[in-house]
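Work through the exercises below with the coordinates open, and attempt each task before reading its solution.

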Amino acid sequence: MKCSGVTMTMLAVAVASILLLGGSAMATQPYYVDDLGTLGGAWTRPHGLNNAGQVVGEAIDASGNCKGFVWTRGVGMQSLGTLGGSESAAYGINDSGTIVGGAYTAAGLWHGFKYTGGTMSDLGTVMDNSYSNAYAINNAGQIAGVCDVSNINRQYSAIRWSSAGVISNLGSLGGILGWAYGINSAGNVAGSFTDTTNYTKGFVYTTSMADIGLLPGGSYCEAHAINDSGTAVGVADAASGYTHAFYRNTGSDLVDMGTLAGGSFSEARGINNSGLIVGRSEISDNNFRGFLYSGSSMLDLNSLTLVGSTATIYDAWAINDAGQIAVDFGPPGDTERAGLLTPATPGDANLDRAVTFKDYIVLEANFGKSNATWSMGDFNGDGTVTFKDYIALEANFGHSAPEPASISLLALAWLSRVLRRK
Ligand SMILES: [Ca+2]
Ligand SMILES: [Ca+2]
C-alpha cells in the first residue's frame, strides 16, 4: 500500500553530523522503542527522519484516506493535509522541520509539496497537467524528486528543486525515466534511471548524472540515499539473481552487503553521516527483518536490546546522525506500523529512560567487573565497568526525569567510593 501511485520504491533521508558506535558497542547498545501511533486508521509507514528525531511518513486516517504525517516527541503524529485532493504522503524532513512529499491537488494531480510553518505548498511541475513528487530535502532547502517532463506518457526525469523552488532537470543517460530519491548537504543527489535498453540503474549526481555501476553479474541497480561523504546506498541484483543491499563510496565499485542469515534478498534504504546503514533483509522465504549495518556486519534489529516494545521490526527506513532509526512493525500489508528506535542514554543502566542515582548504584556495584553488560554499567561497550562509564553516566545525570538526587550528590558518592579504595 502506498499513496503516491508511483511504482518504484523510494526513500528519503535527511542527513547531517556525527555519532560513533564501534562494532562491539553497537551490538550492546540498547534502544528505547516508540510506537508512533496512527491518524485514525490502522496502517502507518515511516519514510524520513531528521536529526531532531522527527519522523515523517504516510498513514491511513479515520476516513480511510492516506495522509502524509509528521511525528514529534511529546506532540505525536499529525496529518499534513493535502493540496486540495484526497491523499498525500511525506518522504523527507530536514533539520529545521521542513517536510517534502507528494499530494493530490484539487484537480486530482499528484504534485510534490513542501510543508513548513504549518502550510503545505505546491512545488509544481514543468508542464501543465503533469506529475511531480518530492523525496528528500537537505538543510539548505534543496529537494530531490521526480517530474513529468514530456508529453510522452510517463517520461519522468530526476530533478532537483532549488531552495527557491526552481526545477533543475538532472538529465538522463539515454533512457526516458529517472528518479531522484536522496540528497546530501552539498546538494549531491542519488537515484535511478533507465538506460537505452530500459534497464534500471543507479546514479549519483554531483555536476552531472553518473552511472554508479552494478554488482558483478548484475543488471539492475537503484540508489536510495546518499550521505555527506558521498556514500550511496540502495539495492542491486547480484550474480545469484537475487537483489542485495549495497553501498558505494565515491569513485568505488558497489559493495554487496549480503543478507541476514537464511535470506536471499536485502535492500538498503538509509545511511547516516557516520556510515551506519539501515534497510531490510529476508531471513527466510517472504520473511523480512529490519537491519543495521556497521560497515562489516549486518545486524537484525530484533537481536538488539529493545526497551518498550516486543513488536517485530520488519523494515528500517532511515537513520539519523544520533543513531535513531525509523522502523516498520508488522509484515508488509495492512498491519504495518511506524516506530522509532532511539539509542539508550549512556548511564541509564536500568533502562527506565532516565539517568538517576539508581543507575549509579548499579554501576558502583559492578565497578571493575569484566564481561560486563550495559545493564551492569558498561555503557561504552568495552566489556568492563570503568571510570569511562562513570564519566558517561555523570554527563547524562538527571537526563529525562528530574529527581532530588543532584549531580553534586553523585559526585559526593563517587568521591566516597574513591576514598574508600585508597
Ligand atoms: Ca535509569
Ligand atoms: Ca566500559
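**Exercise 1.** Determine how many bridges join strand β8 to β9, and place this pair in its sheet.

*Solution.* Begin with the pair itself: β8 (residues 110-116) and β9 run antiparallel and are joined by four bridges, where strands are DSSP runs of E with at least two residues, helices are runs of H or I with at least four residues, and both are numbered from the N terminus. Two strands count as paired if DSSP finds at least two bridges between them. Within this pair, Phe 113 stands opposite Asp 122 of β9. Next, widen the view to the open sheet of four strands, whose order is β6-β7-β8-β9 with antiparallel pairing. Its edge strands, β6 (84-93) and β9 (119-122), each pair on one side only.

The model is predicted, so local features need pLDDT of at least 70 and side-chain atom pairs count only at pLDDT 80 or more, whereas totals for chains, interfaces and linings use all residues. Residues are numbered from 1 along each chain as its sequence is written, while chains are lettered from A and ligands numbered from 1 in the order in which they are written.

**Exercise 2.** Establish where Leu 351 lies and what its phi is.

*Solution.* First locate Leu 351 in the loop between β29 (337-343) and α2 (357-366). Its phi is near 55 degrees, a positive value in a residue other than glycine. Most residues other than glycine have a negative phi.

**Exercise 3.** Carry out the same analysis for Asn 371.

*Solution.* Asn 371 belongs to the loop between α2 and α3 (387-395), and its phi, near 50 degrees, is positive although the residue is not glycine.
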